[in-house]
Amino acid sequence: MLEVREVTKTYGRTTAVDELSVTIHPGRVTGFLGPNGAGKTTTMRLLLGLERPDAGKALVNGRPYRALARPLHEVGALLDAGAVHPGRTARAHLGWLAAAADLKGTRISQVLELTGLTAVAGRRVGGFSLGMRQRLGLAAALLADPRILILDEPVNGLDPEGVRWIRDLLRGLAAEGRTVLVSSHLISEMALTADHLVVIGRGRLLADTPLTALGDGP
Ligand code: ADP
Ligand code: ADP
């Protein structure tokens, strides 16, 4: 479970997150929706302990989380799919992450398969398209088989087939009782992916609602 309790975060004169309170429950895909600059990434970074709130609390299973102290284990995160060493192969990139996080490398083939990257595992990531980098970022997030996933714009750069694939993957993970939080600035995308919507604008909560409450769904 993820909890944001009356959190405010400012950068200079910009209020990125403004007295935001919301709880993200396990067992469903929660879509974090809002226009660019709404505060989605900042909220995710606060939950991961990569930023400290000016006020309020961001909690993972009731405690502040420190992603850097124990990367990948409790929470799998996809924040910036571009952040890869271009000269490494996909398999070497995952191997490096697994070693850095003190994980056994035995999951690498599994997550490559899960994300459809087996055939390109030996290619250098510098030549990957954005969609392929997104898949690799998701593979990294899944390495430790975490109970919680925080994914910032994971659909970015995927083609329609990739969008369907990620929807099925995320719904499967949520059905196993995991907590899945996925951001997007596109309502059309969220309508296809999420069961539950959390909408923010200018750092404030605008809606927290099951998607079914908004109509018959897709
Ligand atoms: P979103 O993910 O919804 O696009 P962000 O959380 O990235 O929104 O940004 C919210 C606001 O905070 C924006 O106005 C953005 O410019 C600002 N912001 C985010 N991170 C920083 C930072 N490190 N320094 C200064 N301003 C920032
Ligand atoms: P698609 O449009 O089929 O999704 P991509 O955009 O994923 O193709 O890839 C663009 C091109 O770059 C493809 O021809 C692919 O084979 C090639 N490519 C992908 N990764 C690498 C790499 N690491 N090194 C060299 N070429 C690559």
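Q: What makes strand E3 (28–33) largely enclosed by the rest of the structure?
A: Five of the six residues of E3 are buried, so the strand is largely enclosed. Buried means under 20% relative accessible area, exposed over 50%, and partly exposed in between (1.4 Å probe, protein chains only). Strands (E, at least two residues) and helices (H or I, at least four) are DSSP runs, numbered from the N terminus. By the way, this is a predicted model, where local features need pLDDT of at least 70 and side-chain atom pairs count only at pLDDT 80 or more, while totals for chains, interfaces and linings use all residues. Residues are numbered from 1 along each chain as its sequence is written, chains are lettered from A and ligands numbered from 1 in the order written, and side-chain values use heavy atoms, leaving out hydrogens and water.

Q: How do you know that E3 pairs with E7?
A: Pairing takes at least two DSSP bridges between two strands. Six bridges join E3 to E7, and the two run parallel, so they pair by that rule. One bridge partner to look for is Val 182 in E7, opposite Gly 31.

Q: Why is the contact between Ser 129 and ligand 2 called polar?
A: A polar contact is a pair of N or O atoms within 3.5 Å; within protein, one must be able to donate a hydrogen and the other to accept it, and residues adjacent in sequence count only if both atoms are side-chain atoms. Here an N or O atom in the Ser 129 side chain is 3.0 Å from an oxygen atom of ligand 2, so the pair fits.
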